[in-house]
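Student: Got a minute to go through this one with me? I'd like to poke at a few side chains.

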Amino acid sequence: MKKNTDSNSPATVRIKTVCIGELLEYEFYIPDYQRGYRWTATEVRELLNDLKEYQETHTKDSPPYYLQPLVVKKRKEKSSKGEQKYEVIDGQQRLTTIGLILHYISQKDPVVKLMKILGSESNRKCIPADVQAAAKDVPSPATVNITYETRDTEKETKNTEEGRLTYIIDKDDAESLDEYHIKTVYGAIQKWFADHSKQEQNREQKQNSEQEQNSEQEQNILRTLTEHTAVIWYEPDGDAHELFQRLNIGRIPLTNAELIRALFLTSKSTDIYGEREQVLIAEQWNDIERRFADDHFWYFLTNEDPKTYDTRIDLLFETITGMKRTDRYALYLKLEKIVDENRKEKTLYEIWNEKVIAPFQTLLRFYEDPELYNNVGYIIAAKKFGDTTNLNLNSLWERWKKQGTSAKNFISFYTKPMIQKLIGIEEGPNKLNHDKLSGHLESIKFDVNKLIAHNVLLLHNTLSTGNIPSTGKGLGFNFCDYKKESWSLEHIYPQNPQQEQENQNNYDIDKLGNLALLSKEDNSSVSNASFLDKKKIIIDKINKGNFVPLCTQRVFLRYYTLESEASQLDKWTKDDFDAYEREIVNTLSRFFGVGDKTSSTNDEQ
């Protein structure tokens, strides 16, 4: 098949998890197009503290300690010792720091000390020849082989011995800013080990010599680094300099999404389903990203600000894996594990369809099905408490799979019972009737059940807005605009009126019949205003095209009050209170299927 050279076609990528111990087998080359080494003493101390904490707390079941990804490109030539050489495109800061730590530890190794002794001609004369020969066969301590392309243009030399990390460390003086930072961090590493060895010795009051203490601390860090620390090895094809520019403009690191995309577009997949399926995955990926770019779809699925995500598609992978995006590369690592577990029985394309496309299509169904839209959208948006705190997109997706992907069963046996809990009803759906629901709603008060009252009014708004999904503005409850603001409960008749207002109706102003949802900004400005003043503000917001929940609009337009009851147009009377509360009870009764009483609302009004 002819190679596809279209810039939009998926690139060939090799991606895997690599333990730091495996990096010792290679030689790394840092090209001069990269910025120099810029880590400080603070950063290396934080890394060493993390490694020490991991070493002290990890168990045999603990995952590795992960560093940032290492992006490399294989070089054609091999090292003088036959080692594979890799050009480091991204990750040289971490790789250099690891090299510095391992170099410091290696200097304490008996093998290195012996080699230094053998390096002196006078010493060699005193050591038997067979001992010298045997010493050469002793494995060298763990070190990372790194060479830096010389940046000093006056010397006009590149890739020489002077560019090796070990040479720079052993120099007496720094001759460049890069060398200054390397030597500064190396000094901080020496001090960290010395300080922690003294702390350990004082705390445990051991009689060990300082040398023994040093050796124990160093060996612990060495084991943690080489055996329990890993990087995501990311090896794309293409021009290394161009990739470096793309990764480093604005210092944007690789994201979970980029790593997952590469996972499903690896070169080893081409011999299984060919380039056609790779292109199809890439196109489907782009389609998914376009859907998540729609704010209405996004805010239906989550309450989170999209700016808190590296890429919006991470929300899909959070749903699939149940992992948090804030855990370092947790989404990628979980997807990698899922792929590995299914790789023997299924092709990568089949895994993609089952583990990524199927969940995404479920999210679309939640969004596009009228009943599912109301149920799912409300559950995600409602305030959580008690045993509802774990209600999220992942829990909905997991239950959907268990329920056999039947919308009817999903709603009957899962979402409606959950919604009952969110409005404070603990008993099972089969025990609920109209009188119980009505009694519960009429008992809710602002000063006692504020959170539940908020959830009831949100549900009333969601159900009242209509059963058509919000595929565009105004076609269903607008979770998008609702979530872009903060909302609170507003007393329709004020708690503390600005001026004396007549209240001859003897209704409880803290009950649902006197409460509505208003944005916190509006609420703070009108909380003590009269009904008429609040009404004017609401009408002004509606005229300006600002979002106001439908039921809040209807309250201040006195939509729920029969014409025969509407005797005082500019006041909130007991007739208004009763009609509004009755409508809430009837709307929720119809939703839960427990019957209702004749609504006072004229739907054609």
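Student: Okay, Lys 73: buried, partly exposed or exposed?

Tutor: Keep in mind that this is a predicted model. Lys 73 comes out at 26% relative accessibility, so it counts as partly exposed. The range for that label runs from 20% to 50%.

Student: And where is Lys 73 placed?

Tutor: In strand β4, which covers residues 70-78.

Student: Which residues does Lys 73 touch, leaving out those up to four places away in sequence?

Tutor: Lys 85, Tyr 86, Glu 87 and Ile 89, plus Gly 238 and Ala 240.

Student: How far is the C-alpha of Lys 73 from that of Tyr 29?

Tutor: 9.8 Å, with their positions 44 residues apart along the chain.

Student: Switching to rings. How many aromatic pairs are there?

Tutor: The count is 40. One of them is Trp 400 with Phe 410, an edge-to-face pair with 5.1 Å between centres and 85 degrees between planes.

Student: Which helices do Trp 400 and Phe 410 come from?

Tutor: Trp 400 is in helix α18 (residues 393-402) and Phe 410 is in helix α19 (residues 407-422). They are 10 residues apart, and the pair links distant parts of the chain.

Student: Are Trp 400 and Phe 410 buried or exposed?

Tutor: Both Trp 400 and Phe 410 are buried.

Student: Last topic, charges over rings. What does the charged end of Arg 312 sit over?

Tutor: The ring of Trp 298, at 5.3 Å from its centre.

Student: What about Arg 325, which ring face does it lie over?

Tutor: That of Tyr 309, with 3.7 Å to the ring centre.

How values were computed: Residues numbered from 1 in each chain as written. Predicted model: local features only at pLDDT ≥ 70, side-chain atom pairs only at ≥ 80, totals over all residues. Heavy atoms only, no water. Helix = DSSP H or I, 4+ residues; strand = E, 2+ residues; numbered from the N terminus. Buried < 20%, exposed > 50% of the residue type's maximum accessible area, 1.4 Å probe, protein only. Contact = heavy atoms within 4.5 Å. Phe/Tyr/Trp six-rings, centres within 6.5 Å; stacked < 30°, edge-to-face > 60°. Lys NZ or Arg CZ within 6 Å of the ring centre and 35° of its normal.
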